[in-house]
Amino acid sequence: MKALVFVASGALFGFLLSAARATDYTAIHGMFLLKDLHLFGVIGVAVATAALGLWLVRRAGVRALGGTPISLAHKPFHNAVFAGGIVFGIGWALSGTCPGTALAQLGEGKAYALATVLGIVGGTWLRQRQTSPPKVA
Amino acid sequence: MTLDWPFWIAGACIGGFVPLFALVSGKLLGISSGYSELCSIAKPAGPERWKLWFALGLPLGGFAASGLAGTHRLETVAEPVRAALGVGDVATLALLVVGGALIGYGARTAGGCTSGHSIVGLALGAKSSLVATLGFMAGGFAATWALVALTGGAA
């Protein structure tokens, strides 16, 4: 039942990414070439709206449905954040997608995004293996 | 082309999704770590298992949006990549696979992606997310301009 709520949430978010043209290689390529500023506008408005909404959530001090506390913790900072960000950015430019939009692309019929998704799984697996070496039984 | 909503409507909906999702689930949106869950699927489900479910929903949304826009069709070759860089099928495929690998490796190193860092983290005013986003943009701009210089751009 809980899983279904998350699948539905993911579907709504995937719909919004698609409607925002964030699943369009040309839009992302054009953004980095400064030829098409549409996605910069989307990201800017999204950050401002989310900031306002999260501020209201924090101020109201409410709990989530079912009484679970809402976690608003920052992601931890460490020295590899910037370098990891650069590596991610290069991949973002090469494939013209990010982790979420690659999956939404699959639903749009862009079967070629399967190559991107498999790449992401491989890169994730490699990094996880490096940071947590498999235990010897 | 998909639905192509104006940037401020699409941006407000994506941004508004974040607090609504927090109110419903108690959680902050994040996508790249869903791939980690997939990589550790054989292990017992931990507190992050919801990210896998969320990730599985994303294609359904893309399907609905492209269906509504009347643009749903099967595309096996990334024509936009070919058109933008004037490269062949093999190079196009390689760009997607290598790009994907860098995305996965970089996101796990930086601790998040464009959703978790650049939308949610920036909205929270987190230092790590600002630094990560600056990295995303630096890498993205540098790689795009380098690629266009190397390939000569649109054929």
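# Notebook: two chains and what lies between them

**Entry 1, the cores.** I began with the nonpolar cores, and found that the largest one has 57 residues, with F13(A), F88(A), W92(A), I14(B), L29(B) and F54(B) making the most contacts inside it. I note at once that this is a predicted model. I then looked up L29(B), leaving out residues up to four places away in sequence, and found that L29(B) touches F13(A) of the other chain as well as F17(B), V18(B), F21(B), F54(B), S115(B), G116(B) and V120(B). Apart from the largest core lies another, of 12 residues, and among them I wrote down Y25(A), L94(A), Y112(A) and A115(A).

**Entry 2, the interface.** Next I asked how many residues of each chain take part in the contact between chain B and chain A. I found 106 residues of chain B in contact with 95 residues of chain A. The area buried between the two chains is about 8700 Å², and carbon and sulfur atoms give 78% of that area. Y35(B), I103(B) and Y105(B) supply 9% of the area that chain B buries against chain A, which is more than any other three residues supply. I reminded myself that the size of an interface is often given as the accessible area lost when the parts come together.

I then turned to the polar side of the interface, where 25 residue pairs are in polar contact across the two chains. For the side of chain B that touches chain A, I listed the elements giving two or more residues, and these are α1 (7–25), α2 (32–39), α3 (50–69), α4 (79–85), α5 (89–110), α6 and α7 (127–151) of chain B. Sorted by class, that side of chain B has 69 nonpolar, 31 polar and 6 charged residues.

**Entry 3, salt bridges.** Over all chains, I found 9 salt bridges in the whole structure, while the count between chain B and chain A is 1. Which side chains meet in a salt bridge with an N to O distance of 2.8 Å, one from chain B and one from chain A? They are those of D4(B) and R21(A). R21(A) also forms a salt bridge with D24(A), where the closest N and O atoms are 3.8 Å apart. I checked the accessibility of this second pair, and R21(A) is buried because its relative accessible area is 11%, while D24(A), with 13%, is buried too.

Within chain A I also noted the salt bridge of E108(A) with K110(A), whose closest N and O atoms are 2.8 Å apart. E108(A) is buried at a relative accessible area of 2%, and K110(A) is buried at 11%.

In chain B, the side chains of E37(B) and R49(B) meet in a salt bridge at 3.0 Å, N to O. E37(B) lies in helix α2 of chain B and R49(B) in the loop between α2 and α3, so this pair ties together parts that are 12 residues apart in sequence. E37(B) counts as buried, at 11% relative accessibility, and R49(B) counts as buried as well, at 14%. I added that salt bridges sharing partners join R21(A), D24(A), D36(A) and D4(B) into one network.

**Entry 4, helix α2 of chain B.** Why can I call α2(B) largely enclosed by the rest of the structure? I can do so because 6 of its 8 residues are buried, and these are S32(B), S33(B), G34(B), Y35(B), S36(B) and E37(B). The buried residues of α2(B) pack against α5 (99–107) and α6 of chain A, together with α3 and α5 of chain B.

**Entry 5, two single residues.** Last, I looked up one residue from helix α6 of each chain, starting with H117(B), which lies in α6 (residues 114–124) of chain B. Is H117(B) buried or exposed? H117(B) is buried, because its relative accessible area is 0%. The side chains of H117(B) and S129(B) are joined by a polar contact of 2.9 Å. Leaving aside neighbours within four places in sequence, H117(B) is in contact with several residues, including K75(A), L122(B), A132(B) and F136(B).

T131(A) has its place in helix α6 (residues 113–131) of chain A, and T131(A) counts as exposed because its relative accessibility is 52%. A polar atom of the side chain of T131(A) lies 2.9 Å from the backbone oxygen of R127(A), and the backbone oxygen of Q128(A) lies 3.2 Å from a polar atom of that side chain.

Notes
Residues are numbered from 1 along each chain as its sequence is written. Chains are lettered from A and ligands numbered from 1 in the order in which they are written. This is a predicted model: local features need pLDDT of at least 70, side-chain atom pairs count only at pLDDT 80 or more; totals for chains, interfaces and linings use all residues. Side-chain values use heavy atoms; hydrogens and water are left out. Buried means under 20% relative accessible area, exposed over 50%, partly exposed in between (1.4 Å probe, protein chains only). A polar contact is a pair of N or O atoms within 3.5 Å; within protein, one must be able to donate a hydrogen and the other to accept it, and residues adjacent in sequence count only if both atoms are side-chain atoms. Contact means heavy atoms within 4.5 Å. Buried area is the accessible area (1.4 Å probe) that two parts lose on being put together, summed over both. A salt bridge is a side-chain nitrogen of Lys or Arg within 4 Å of a carboxyl oxygen of Asp or Glu. Ala, Val, Leu, Ile, Met, Phe, Trp, Tyr, Cys and Pro count as nonpolar, Asp, Glu, Lys and Arg as charged, and the others, Gly among them, as polar. A nonpolar core is a set of buried Ala, Val, Leu, Ile, Met, Phe, Trp, Tyr and Cys residues joined through side-chain atoms within 4.5 Å.
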